[in-house]
There are 2 protein chains.
Amino acid sequence: MDAQSTSMQIPEDEKSVILDSITIDCVIFGFKNEELEVLLVKHKEGISKNKWGLPGGWIYENEGIDDAANRLLLELTGIKDVYLEQLRAFGAPDRFPLSRVITVGYYALIKEEDYDLKAGYTAAEVAWFKVSEVKDLIYDHQQILEIGQKRLRRRIKQEPIGFNLLPEKFTLLQLMHLYEQILGYEMDKPNFRRKILKMDLLTPLAEKQKDVSHRAAKLYRFNPETYKKLLEKGFNFEF
Amino acid sequence: MDAQSTSMQIPEDEKSVILDSITIDCVIFGFKNEELEVLLVKHKEGISKNKWGLPGGWIYENEGIDDAANRLLLELTGIKDVYLEQLRAFGAPDRFPLSRVITVGYYALIKEEDYDLKAGYTAAEVAWFKVSEVKDLIYDHQQILEIGQKRLRRRIKQEPIGFNLLPEKFTLLQLMHLYEQILGYEMDKPNFRRKILKMDLLTPLAEKQKDVSHRAAKLYRFNPETYKKLLEKGFNFEF
DNA sequence: ATACTTGTAGTCAATATTACTATAAGTAAC
DNA sequence: GTTACTTATAGTAATATTGACTACAAGTAT
């Protein structure tokens, strides 16, 4: 979202407290039906009317950019304490056609189950899209999305951040599918299982999957203590 | 370098063509005498007079931020085509005391031998410092430096970017020392040699080291073709 | 000639990876 | 309930990698 695209919505007296040539845009990833998804908003006004783009907004003058990104995310999705990391600044001189605006890209990982579409915008304006099918976003948002995907791919190989996309309880196969989806290649079930279990990162639960038409798999929970230890020591999630 | 700190140096008629609340700051790494170094400049005017900070500057209104970073680097060091990558935007509301300025951090790797200190500034204003000894930089530059180090540490484990810090011809031990310096731990010589040679990333030269008071080591050159192949396929530089 | 320093080669046990096969535990169809 | 089907989970075996070493080569300095 860029300054001019929706500036009519901002009352005059509020304009003075936001920075006017820097915006924030968020790539919000979710995972549903074995597919990586991204949350997009449809612009209502301005030159990008009726086109889809990344959710974003302005930074208040007394607010840090990370704080601004967290606030925008809360305003949009109604959830807080999500995994959120800055991608980088995007500043091609012609990235926004009406004036020189630099945007700071962020990417977030959320559990789709926790998220209620109606919390912020109405359903007509915001929706999940399969990442693989997204195209023709406004401005340079397609590029920001790509950089976000690239970052996610890198991160997931070194930190178990994938857990932010899954429900609390999940099966090993779900986790493996998440990895396959993000990394873009297939894996071997027994090998994946062995490697991830040896890391001692998952806590097995007494529970099992329900309502599946085949042998129910054991459910696991992510073990944050081991995660911390592994982070300090450094490790490799390559499969 | 922030807007106000040296604003007196900019003629009035040039002010209009730069962006006024965004700057660029560069962490320029070098490697000399087995130590990782960083290039700093001493501020001459403004509130940070006589204090050391990262070299930086403004972005022209018709210039992309990556272009601006490359230009600033050329102006400062006289060299181009260096390894340069954006770190991220730094935007704490109080990072610059006089006004709200967001800076975009970059980090560069250069071969110190290629660099002539006198090309840009005079020797009194710019100097190399051992990274381990740098402290009390202006504003949030200490943080930017740390983030730069962290990024370098990460990158060097996945891409052989270390070559950008070494001279064209180098010995295996020099390369290993570079890794040790950046990663902060010691390595085993025979094992390092074996692993890196197997990657087929180095081209052995007929030449040997000169003027050393011990057995001269063979010199190697970096092989860019293998590098490309390895990058596509993905690999691990962990030692 | 000897000590000393660094380069380079090689060894070997432990561990990890890869590509599998095999079996267990369920559901669904007949 | 027996059979087919699906997914879960266990195990195996060849191969490659790692990590901690030893040994020796090739120079310099005394």
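How far does a polar side-chain atom of A:Lys195 lie from a phosphate oxygen of DNA strand C? In this predicted model, the separation is 3.3 Å. The backbone of DNA strand C is also approached from chain B: a polar backbone atom of B:Lys218 is 3.1 Å from a phosphate oxygen. A base is reached as well, with an N or O atom in the side chain of A:Asn191 placed 2.9 Å from a base nitrogen of the strand. Two elements give two or more residues each to the surface near DNA strand C, namely helix 5 (189-198) of chain A and helix 5 (189-198) of chain B. Helix 5 of chain A supplies the largest share, five residues.

The full set around DNA strand C numbers 19 residues. A:Asn191, A:Arg215, B:Leu173, B:Arg193 and B:Arg215 are the closest. Sorted by class, this surface has 10 charged residues, five nonpolar and four polar. On the DNA side, 60% of the strand C atoms within 4 Å of the protein belong to sugar or phosphate, and the rest belong to bases.

Turning to the fold of chain A, there are six helices and nine strands. Chain A has 239 residues, and 51% of them count as buried. Among its contacts between residues at least 6 apart in sequence, 68% join residues at least 24 apart. The accessible surface of chain A comes to about 12,000 Å², with 48% of that area belonging to carbon and sulfur atoms.

Note on methods:
Residues are numbered from 1 along each chain as its sequence is written. Chains are lettered from A and ligands numbered from 1 in the order in which they are written. This is a predicted model: local features need pLDDT of at least 70, side-chain atom pairs count only at pLDDT 80 or more; totals for chains, interfaces and linings use all residues. Side-chain values use heavy atoms; hydrogens and water are left out. A residue is near a molecule or strand if one of its heavy atoms lies within 4 Å of it. A polar contact is a pair of N or O atoms within 3.5 Å; within protein, one must be able to donate a hydrogen and the other to accept it, and residues adjacent in sequence count only if both atoms are side-chain atoms. Helices (H or I, at least four residues) and strands (E, at least two) are DSSP runs, numbered from the N terminus. Ala, Val, Leu, Ile, Met, Phe, Trp, Tyr, Cys and Pro count as nonpolar, Asp, Glu, Lys and Arg as charged, and the others, Gly among them, as polar. Buried means under 20% relative accessible area, exposed over 50%, partly exposed in between (1.4 Å probe, protein chains only). Contact means heavy atoms within 4.5 Å. Accessible areas come from the Shrake-Rupley method with a 1.4 Å probe; for residues, only the protein chains shown count as cover.
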